[in-house]
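Reader: Could you walk me through this one? I'd like to start with the rings and then turn to the strands.

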Amino acid sequence: TYWLFKSMNYPWLVKSGTQLVKSTLHWGGVRSLIKKTLFAHFCGGEDIQECSLTISKLSKYGIGTILDYAVEGATTEAGYDQTAEEIIRTIQKASVSFDIPFSVFKPTGLAPTWVLEKIQAKQPLTPDEQAAYD
């Protein structure tokens, strides 16, 4: 843990490591290795069910949990819909659990980034862009 956090003081190492992970994630065993090392320090699980054990452990010490569904990069309507459904599940879970004071999400997981950028800039959307946003 010490060396993991110490290495984060070197931006070049973080950038290189991120690129390395992205390019090797599809290799057999890399995903498992990351889940047992880096992932375990920053994530309670890959879904709400997996997070439940971590939520319970932290709750015993008076620590609340933030459900953060931070998926981005979908490129299809089905992908955006799947992300929206998972975000709704995290909000629903937080709404009934004292141990989860709130949940967060990235709007960029719900619509194409370029559409969100145009909305932010108050630019008019084409009919296709409006449909994607809706």
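Reader: How many aromatic pairs does the structure hold?

Author: Happy to help, and please keep in mind that this is a predicted model. As for aromatic pairs, the structure holds two.

Reader: What kind of pair do the rings of Tyr2 and Trp3 make?

Author: Their centres are 5.2 Å apart. Planes over 60 degrees apart count as edge-to-face. The planes of Tyr2 and Trp3 stand at 80°, so this pair is edge-to-face.

Reader: Is Trp3 buried or exposed?

Author: The cut-off for exposed is over 50% relative accessible area. Trp3 has 66% relative accessibility, so Trp3 counts as exposed.

Reader: Which aromatic pair is tilted?

Author: Look for ring centres 5.6 Å apart with 55° between the planes. One partner sits in helix 1 and the other in helix 4, 37 residues apart, so the pair links distant parts of the chain. The tilted pair is Phe5 and Phe42.

Reader: What is the area of the nonpolar surface patch that includes Phe5 and Phe42?

Author: Phe5 is partly exposed at 40% relative accessibility, and Phe42 is partly exposed at 47%. Met8, Val14 and Leu38 join them in the patch. Its area is about 430 Å².

Reader: Which side chains of strand 1 are buried?

Author: In a regular strand, side chains alternate between the two faces of the sheet. In strand 1 (residues 66-69), Ile66 and Asp68 point to one face and are not buried. Pointing to the other face, the buried ones are Leu67 and Tyr69.

Reader: Which residue in strand 2 stands opposite Asp68?

Author: Strand 1 and strand 2 (residues 102-105) run parallel, joined by four bridges. Opposite Asp68 stands Val104.

Methods
Residues are numbered from 1 along each chain as its sequence is written. This is a predicted model: local features need pLDDT of at least 70, side-chain atom pairs count only at pLDDT 80 or more; totals for chains, interfaces and linings use all residues. Side-chain values use heavy atoms; hydrogens and water are left out. Buried means under 20% relative accessible area, exposed over 50%, partly exposed in between (1.4 Å probe, protein chains only). Helices (H or I, at least four residues) and strands (E, at least two) are DSSP runs, numbered from the N terminus. Two strands pair if DSSP finds at least two bridges between them. Patches are made of residues with over 30% relative accessible area and no salt bridge: like charges are joined within 9 Å, nonpolar side chains (Val, Leu, Ile, Met, Phe, Trp, Tyr) within 5 Å. Accessible areas come from the Shrake-Rupley method with a 1.4 Å probe; for residues, only the protein chains shown count as cover. A salt bridge is a side-chain nitrogen of Lys or Arg within 4 Å of a carboxyl oxygen of Asp or Glu. Rings of Phe, Tyr and Trp (its six-membered ring) pair if their centres lie within 6.5 Å; planes under 30 degrees apart count as stacked, over 60 as edge-to-face and the rest as tilted.
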